[in-house]
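Hi,

Here is the structure I promised to send over. Have a look at it first, and then read on for what I found.

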Amino acid sequence: MMSPNSTGPDQRAGPQEGAPPSPCVAGVFPIIYYSILLGLGLPVNILTAAALARLTTRTRKASYRYLLALTGADILTQVVIVFVGFLLQAAVLARRVPQAVVHAANVLEFAANHASIWVAVLLALDRYSALCRPLRHRASSSPGRTRRAIAAVFVAALLTGIPFYWWLDVWRDADPPDTLDTLLKWAHCLTIYFIPCGIFLITNSVIVHRLRRRGRPRLGRTTAILLGVTTLFAVLWAPRTVVMLCHLYVASVNKDWRVHLALDLANMVAMLTTVINFFLYCCISKTFRATVRELLRSSRPPGPEAHARGSANAVLKPTGLPEGASP
């Protein structure tokens with residue numbers, strides 16, 4: 001199977017003679033898993049985006065704008081990586097795809113990952129500023145500035161995804177990694193995990209310490225969501241980062257079926273981050289739950305009782321009276 005940010009199964013020549021590739025012992029399970037993930041995650045993320053858009057319009061809070069951008073990045077990740085990468089390219093087409101198309105898809109996959117993670121970094125920095133430097137935060141925070149920061153992150157994500165046009169296929173990379181391969185893998189691990197997690201650790205620790213000093217044992221909803229999102233990311237992306245470094249220095253995915261299986265499972269765990277935020281928001285925020293219920297109710301077609309009330313109103317309404325006359 002493919003992994004996020006890797007080429008498809010038939011993109012490069014096979015390994016050198018005498019080094020048969022490791023088998024995909026996971027079988028069809030990844031295809032079933034990603035189909036369920038996409039079928040559940042895409043509608044859930046669209047509902048999340050609609051609820052956050054409504055809350056953003058009502059409250060104009062920067063935190064809701066960051067969460068909305070994070071949801072948009074998750075939708076992009078599901079479309080580009082889960083649908084195009086895992087399902088369409090690997091499972092449906094299952095044939096040779098032009099190299100330019102494959103490498104362009106790599107750029108989009110990395111860009112989607114970078115956008116999702118670094119929008120969460122923006123949210124962490126915003127919460128740090130709001131709680132630790134409230135006066136400066138009130139003076140500098142504005143919808144326009146928030147939109148510019150989000151746009152800058154998405155542009156930077158696309159630019160930082162361009163070098164991964166030359167990302168090698170880990171599934172068929174039977175030779176030892178060259179300098180370019182090593183640099184790209186380390187850049188991936190630093191950009192996608194180590195640097196963001198370092199920022200999360202510092203900002204979250206300062207936030208919690210500051211709240212305790214103020215005698216506020218309970219976290220606010222936005223702070224609790226921040227801690228939940230960043231903790232889930234750190235836990236769910238850790239296996240992929242470890243396996244990528246193991247592939248780089250210990251054993252090749254192509255030669256060792258255990259590393260192959262570990263990377264398959266690590267990718268599946270990492271992609272859970274594109275679905276789980278909706279349930280996290282529902283557990284923490286009553287406002288978000290109420291907004292979701294409001295959206296679901298407004299989307300339902302009117303039932304027979306509503307039609308009956310409308311008919312009764314039409315029957316009882318007086319007709320034929322001139323304007324200003326009383327019945």
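To start with a small puzzle: is D126 buried or exposed? It is buried, with a relative accessible area of 8%. That caught my eye, since D126 has a charged partner: its side chain meets that of R127 in a salt bridge, at 3.7 Å from N to O. R127 is buried as well, with a relative accessible area of 15%.

Before I go further, please keep in mind that this is a predicted model. As for the overall picture, the chain has 11 helices and zero strands, so if you run along the elements from the N terminus you just read α-α-α-α-α-α-α-α-α-α-α. Of the 327 residues in the chain, 46% are buried.

Now back to the salt bridges. The structure holds four of them, and the one between R127 and D126 is described above. Another pairs K185 with D181, and there the closest N and O atoms are 2.5 Å apart. Both partners sit in helix α6, and because they are four residues apart, about one helical turn separates them. How accessible is K185? At 1% relative accessibility, K185 counts as buried. D181 is buried too, with a relative accessible area of 1%.

The pair I would look at next is E294 and R58, whose side chains meet in a salt bridge at 2.5 Å, N to O. E294 belongs to helix α10 (residues 286–299) and R58 to helix α1 (residues 29–59), so this contact ties together parts that are 236 residues apart in sequence. Here the accessibility goes the other way from the pairs above: E294 counts as partly exposed, at 31% relative accessibility, and R58 is partly exposed with a relative accessible area of 48%. Which residues are linked with R58 in a network of salt bridges? They are R54 and E294.

On to the surface, where two patches are worth a look. One is nonpolar and is formed by W186, L190, F194, I195, Y249 and V250, with about 580 Å² of accessible area together. Helix α6 (residues 179–213) supplies the largest share of this patch, namely four residues. Helix α6 is also where you find the K185 and D181 pair. Y249, on the other hand, is found in helix α7 (residues 221–249). At 53% relative accessibility, Y249 counts as exposed.

The other patch is positive, and R60, R145, R147 and R148 form it. If you want a place to start there, R145 is found in helix α5 (residues 143–161). R145 is partly exposed, with a relative accessible area of 47%.

One last detail, this time away from the surface. T71 has its place in helix α2 (residues 62–93) and counts as buried, at 2% relative accessibility. What lies 2.9 Å from a polar atom of the T71 side chain? That is the backbone oxygen of L67.

If you only have a few minutes, I would pull up the link between helix α10 and helix α1, then the nonpolar patch with its four residues from helix α6.

Cheers

Technical notes: Residues numbered from 1 in each chain as written. Predicted model: local features only at pLDDT ≥ 70, side-chain atom pairs only at ≥ 80, totals over all residues. Heavy atoms only, no water. Patch = residues over 30% accessible without salt bridge, like charges linked within 9 Å, V, L, I, M, F, W, Y side chains within 5 Å. Areas by Shrake-Rupley, 256 points an atom, 1.4 Å probe, with all protein chains shown as cover. Salt bridge = Lys/Arg side-chain N within 4 Å of Asp/Glu carboxyl O. Lys, Arg positive; Asp, Glu negative; His and termini not counted. Charge placed at Lys NZ, Arg CZ, Asp CG, Glu CD. Helix = DSSP H or I, 4+ residues; strand = E, 2+ residues; numbered from the N terminus. Buried < 20%, exposed > 50% of the residue type's maximum accessible area, 1.4 Å probe, protein only. Polar contact = N/O pair within 3.5 Å; in protein donor to acceptor, adjacent residues only side chain to side chain.
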